[in-house]
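Visitor: I would like to go through this model with you, one question at a time. Could we begin by looking at it together?

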Amino acid sequence: MNGQEASDDSERPWWESAVIYQIYPRSFQDSNDDGIGDLEGIGRRLDYIAGLGVDAIWLSPVFPSPMADFGYDVSDYCGVDPIFGTRDDLDQLIAAAHARGLKLLLDFVPNHSSTAHPWFAESRASRANPKRDWYIWRDGAPGGGPPNNWTSDMGGPAWELDAATGQYYLHSFLKEQADLNWRNPAVRAAMTDVLRFWLDRGVDGFRIDVLWHCIKAEDLPDNPVNPEFVPGMGEKFRVLQRHSTNQPEIHELAAAFRALADGYGERLLVGEICLPVDELMRYYGSAEAPGVHLPFNFQLFEAPWDAGVLSAIIAEYEAALPPRGWPNWVLGSHDAPRLAGRVGDLQARVAAMLLLTLRGTPTLYQGDELGIGRVAIPPDRIRDPQDLRQPGLGLGRDAARTPMAWDESANAGFSGAEPWLPLHGSWQLHNVASEDRDPASMLTLYRRLLALRRRSAALRIGDLRLVASDEDVLQYERRSRQERVLVALNIGSETRRLLLPAGSAIADVLASTHALRTLDGLLAPNEGLVLRLENV
């Protein structure tokens, strides 16, 4: 299940055998005691990151921003917000990461800019302004109101009336985030210059925010009404985003991004694309016009935590990959509830083993290696605009963005001041220093799995084959030219049988989510094992 025979690392780009670690800069480490994380703070923790055994860092946005959506409303694509430091600080961080063998990716936000961006200020100055067409402006509907029925992902209409010019501008997210018009060649040229600016400064690639949103249907027709909509789903689901996202021309844009990145050598493009598998695969592009290297695969975020479902997801995804398309997997992010909160403490250990042993490039989100579970955010501490605009729907993302806990000292070693968001409730237990001392901790498990992955060609670049398993068990074999590895994951809370592939025997136990024990042909409840196989 791979489409090609496994080959040595030397024959592959760096990112195929890499593990990416996502950092949410506001919440990683504060160096100046203002309660907000910054670039210098990240620099102080690079040895921790390198010591985990990951290969690359992805930073959520650090560009100048009014912070209406905490950096995803960019007001200068070529600067650094003073909250995080300076451009020199970012240059130093890139150099310090490279000195430790770490790559560094920035978060590129092409679909929209802040309404505080100088481009938008010019665009809204008058209908005749040369930059008017850099954004998407339209007259209201003939009977009054917005130009069409498109909805914002943050709730409410996707249009805002500008009283001064009498037209509406489009915003797929907050009204402070105006959508750029990517059908305008001048916009493409300006944003290409942004990418080139950072590539010239040594960044190793980009995660591209909401890539599938960037092109809209040219005549902006109404979206179909969603017949399955109910109010508790969130306003964005009121219509089906048929004309406001995922237009055919987006693949030309992705190919242009790829051509630019490839001109700089092995630079990585990761596309945020929330679409069904068949549509997701189109973002790999073709042999003639390659797209992004890794269209983000979010399937494990919302999947029922069930062995049969997980097996079907893996099989469907692997079968859908185009020739030379490399898989990737994600279990946590700044937009998703915490992994341990979703599946529970015991299964979070199994999930860690799943993430780090599947074929492809995994992305690990900061703090998941500590086993942070559900986090309660008091109403008066809510900061997420998505939650504030649509209260009570469970859409808040603050619980995934709470500060990293480093030790048992005040504010968990994150800051000398009160953090911008509260710490998770178990921070005195789930922190780096405490878990570093505990050989059975989640942090220790992640380090062992990452070290194993680095040693094992089968886990880094080997083939994957799902194998027969007992009820509630997910099993797959990873195989390279020299090595066979079986991963067996008990997704349930009952003891189950460990079934070996025909003609195989266990040569060694490489990793376990439990304390090492004598194997007896069974999997304990919530147990995961990585086993080296030999032929018999």
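The questions below turn to the sheet, the cavities and the cysteines of this predicted model.

Visitor: Which strands are the edge strands of the open sheet of eight strands?

Guide: The eight strands of this open sheet pair in parallel and follow the order 11-10-9-3-2-1-13-12. An edge strand pairs on one side only, and that holds for the strands formed by residues 294-295 and 328-330. The edge strands are therefore, given that strands count as paired when at least two bridges join them, strand 11 and strand 12.

Visitor: What is the bridge partner of F206 in strand 10?

Guide: Strand 9, which covers residues 205-208, and strand 10, which covers residues 268-271, are paired in the parallel sense over four bridges. For F206, the bridge partner in strand 10 is L269.

Visitor: Which helix gives the most to the lining of the second largest cavity?

Guide: The second largest cavity, with a volume of about 40 Å³, has a lining that includes F206 and L269, the two residues that are bridge partners between strand 9 and strand 10. At least two lining residues come from each of helix 5 (185-200), strand 9 and helix 6 (250-262). The element that gives the most, with three residues, is helix 6.

Visitor: How do the lining residues of the second largest cavity divide into nonpolar, polar and charged?

Guide: The lining is made up of L195, L199, F206, I208, F257, L260, A261 and L269. Leu, Phe, Ile and Ala are counted as nonpolar, so the division comes to no polar, no charged and eight nonpolar.

Visitor: How many charged residues are in the lining of the largest cavity?

Guide: Of the three cavities of 30 Å³ or more found in the whole structure, the largest holds about 70 Å³ of space. Its lining has 13 residues, and those nearest its centre are W150, T151, A158, S172 and S244. Four residues of this lining are nonpolar and seven are polar, while the number of charged residues is two.

Visitor: Why is C214 too far from C274 for a bond, and what is the count of disulfides?

Guide: A disulfide requires two cysteine sulfur atoms within 2.5 Å, whereas the cysteine sulfur closest to that of C214 belongs to C274 and is 13 Å away, which is too far for a bond. C274 is likewise in no disulfide. By this rule the count of disulfides is zero.

Visitor: Is C274 buried, partly exposed or exposed?

Guide: C214 has a relative accessible area of 1% and is buried. C274 has a relative accessibility of 41%, and because the class between 20% and 50% is the intermediate one, C274 counts as partly exposed.

Note on methods. Residues numbered from 1 in each chain as written. Predicted model: local features only at pLDDT ≥ 70, side-chain atom pairs only at ≥ 80, totals over all residues. Heavy atoms only, no water. 1 Å grid on protein atoms, 1.4 Å probe; cavity = no way out; pocket = protein on both sides within 12 Å on 5 of 7 lines; lining within 4 Å. Points joined across faces, edges and corners; volume = space filled by probe spheres on them. Buried < 20%, exposed > 50% of the residue type's maximum accessible area, 1.4 Å probe, protein only.
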